[in-house]
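Subject: A structure for you to look at

Hi there,

Here is the structure I promised to pass on to you. Have a look around it first, and then read my notes below.

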Amino acid sequence: IFGRSIGSGPTVDLASREKVEGCSKSPLDAAGVLLQSPIESGGRAVAPESVSGVISWVGYRLDLFRNYEKIDRITAPVAIMHGTADKVVPVQNGKNLFGMLQQQDYAPEWMEGYGHNDMPQARCFAYARKFVEHLERGQR
């Protein structure tokens, strides 16, 4: 299951669910989850770190993507890549989510000096490929 930026909200939501209506398989049995520049929450992504907790609390009911409440329910391996110079979704979002994972058995890729929309495609694909190979080796 893959999600990028705000798309990490639906991805984390899906991957953390035990059941999905109309589906015979549980998302908890997914082989893996790959997140690129993920958000902790809508409020925490758009606010400076110094006030993001306050913004998140004040706008709690309006925030649809509270990944920080769900990511610890994901049982599949999770890989996270994020640019360290990301001004749209600060890298701290990705680092905080990584710290909340049940399993931290796959190293995140913090891409030094890259922002939200300029992470090198070849490097992103290589990281994704290595993650899939890791999953194929059955290291779940």
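Below is what I found, starting with the sheet and moving on to the helices.

Please keep in mind that this is a predicted model.

The sheet

A good place to begin is the open sheet, which is formed by four strands. Their order is β1-β2-β3-β4, and they pair in parallel. Which strands sit at the edges? They are β1, residues 2–4, and β4, residues 109–111, and each of these has a pairing on one side only. From one strand to the next, the twist averages 10 degrees.

If you want to see one pairing up close, try β3, which covers residues 78–83, and β4: three bridges join them in the parallel sense. For example, Gly83 has Met111 in β4 as its bridge partner.

Helices across the sheet

Next, find helix α5, residues 91–100, which lies across β3 and β4. Its direction is at about 160 degrees to β3. Helix α6, residues 121–136, lies across β2 (33–36), β3 and β4. The angle between α6 and β3 is about 165 degrees.

A mostly covered helix

Finally, turn to helix α1, residues 8–15. How many of its eight residues are buried? Six are, so to speak, hidden away: the helix is mostly covered. The buried ones are Ser8, Gly9, Thr11, Val12, Asp13 and Ala15. What covers these buried residues includes β1, β2 and α4, the helix at 67–70.

Enjoy exploring, and write back with any questions!

Best wishes

Technical notes. Residues are numbered from 1 along each chain as its sequence is written. This is a predicted model: local features need pLDDT of at least 70, side-chain atom pairs count only at pLDDT 80 or more; totals for chains, interfaces and linings use all residues. Side-chain values use heavy atoms; hydrogens and water are left out. Two strands pair if DSSP finds at least two bridges between them. Helices (H or I, at least four residues) and strands (E, at least two) are DSSP runs, numbered from the N terminus. Axes are lines fitted to C-alpha atoms, for helices over the stretch in contact, and angles run from 0 to 180 degrees between N-to-C directions. Contact means heavy atoms within 4.5 Å. Buried means under 20% relative accessible area, exposed over 50%, partly exposed in between (1.4 Å probe, protein chains only).
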